[in-house]
Amino acid sequence: MNRRENLKLLFTGTVGTGLLLTGCSPEEQALPENALLAGGTIGGRTEEEKQRDQALLSETFFTDDERKKLSTLVDIIMPKDSESPAATEIGVVDFMEFMMKDQPENQTRMRGGLMWLDFEADEKFGKAFNELSESEVIQIVDEVAWPDTAKPEYEGGVRWFNMLRNLTCSGYFSTEPGWKYMGYVGNTPNAWDGVPQEVMAKHGFQLEEKYLSIYLKPEDRGTIVQWDDEGNVTG
């Protein structure tokens with residue numbers, strides 16, 4: 001498995017699972033009006049939201065044993081490479097910890113999958129998952145990471161791994177290293193210097209010399225245009 005394959009799987013075999021994790025299911029969208037929090041400010045957090053976040057952060061869901069399993073798996077899904085850090089280096093397991101408390105309906109599913117890892121490890125190798133070698137871990141992952149080729153008896157494991165992969169990528173790409181990996185620059189001003197001269201020449205066009213003095217030059221891009229009272233550009 002590699003990062004590119006994992007991202008391809010995220011947008012193919014796991015789309016349905018994504019609805020469980022993003023708050024976009026029809027049931028979640030149809031919240032009654034009185035469930036909405038009041039008193040917020042534009043671009044900010046309400047006091048109720050801040051208090052809820054603090055309450056969630058004060059609780060602990062995953063055990064140390066479970067965190068170790070997750071650390072192994074998220075770094076298989078999003079490993080360190082020459083362009084960006086591994087998932088564990090940017091707090092993806094912490095993100096999952098928060099999400100399990102924020103969306104408790106997923107807790108049983110998550111914990112069940114983590115327990116299944118030990119069952120499968122014992123069946124295959126006679127030891128707990130956290131005691132497996134890297135190659136043994138990959139053998140188990142390969143059973144559930146490829147929805148199109150997984151055996152029918154691993155259907156539950158596939159669904160669980162889909163959820164895990166969704167959470168991993170959601171956590172990873174909500175961080176600055178994740179944004180940089182995707183090449184996302186956000187809401188930044190764009191610049192266009194016009195049709196390149198070589199393209200114009202290819203099609204038989206050229207800039208008219210009489211207008212060259214008023215064309216925008218790259219070195220003047222930061223200059224604020226000035227107008228006179230009649231709306232003519234003066235500089």
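This is a chat about some helices and the largest nonpolar core in a predicted model.

Student: Hi! Can we start with α9? Where is helix α9, and how many residues has it?

Tutor: Sure! Helix α9 covers residues 155-172, so to speak its own stretch of 18 residues. From its first C-alpha to its last it reaches 26 Å, close to the 26 Å expected at 1.5 Å a residue.

Student: And is α9 mostly covered or uncovered?

Tutor: Mostly covered: 14 of the 18 residues in α9 are buried.

Student: Okay, what about the largest nonpolar core? Which residues touch the most other members?

Tutor: Those are M110, W160 and L164, out of 38 residues in that core. The elements giving two or more residues to this core are α5 (64-77), α6 (92-102), α7, α8 and α9.

Student: Which element gives the largest share of this core?

Tutor: That is α9 again, with eight residues.

Student: Back to L164, then. What is L164 in contact with, leaving aside neighbours within four places in sequence?

Tutor: L164 is in contact with L70, L73, I77, M96 and M110.

Student: New topic! How do α7 and α8 cross?

Tutor: Helix α7 (residues 107-125) and helix α8 (residues 134-144) have axes that come within 11 Å and cross at roughly 115°. The crossing is right-handed.

Student: Which residues meet there?

Tutor: From α7, W116, L117, E120, A121, K124 and F125 meet E136, Q139, I140, E143 and V144 of α8.

Student: And how many of those are nonpolar, polar or charged?

Tutor: The contact of α7 with α8 has six nonpolar, one polar and four charged residues.

Notes. Residues numbered from 1 in each chain as written. Predicted model: local features only at pLDDT ≥ 70, side-chain atom pairs only at ≥ 80, totals over all residues. Heavy atoms only, no water. Helix = DSSP H or I, 4+ residues; strand = E, 2+ residues; numbered from the N terminus. Expected span 1.5 Å × (residues − 1). Buried < 20%, exposed > 50% of the residue type's maximum accessible area, 1.4 Å probe, protein only. Axes fitted to C-alpha atoms, helices over the stretch in contact; angles between N-to-C directions. Left-handed = near helix turned anticlockwise from the far one by under 90°. Contact = heavy atoms within 4.5 Å. Nonpolar A, V, L, I, M, F, W, Y, C, P; charged D, E, K, R; others polar. Core = buried A, V, L, I, M, F, W, Y, C linked by side-chain atoms within 4.5 Å.
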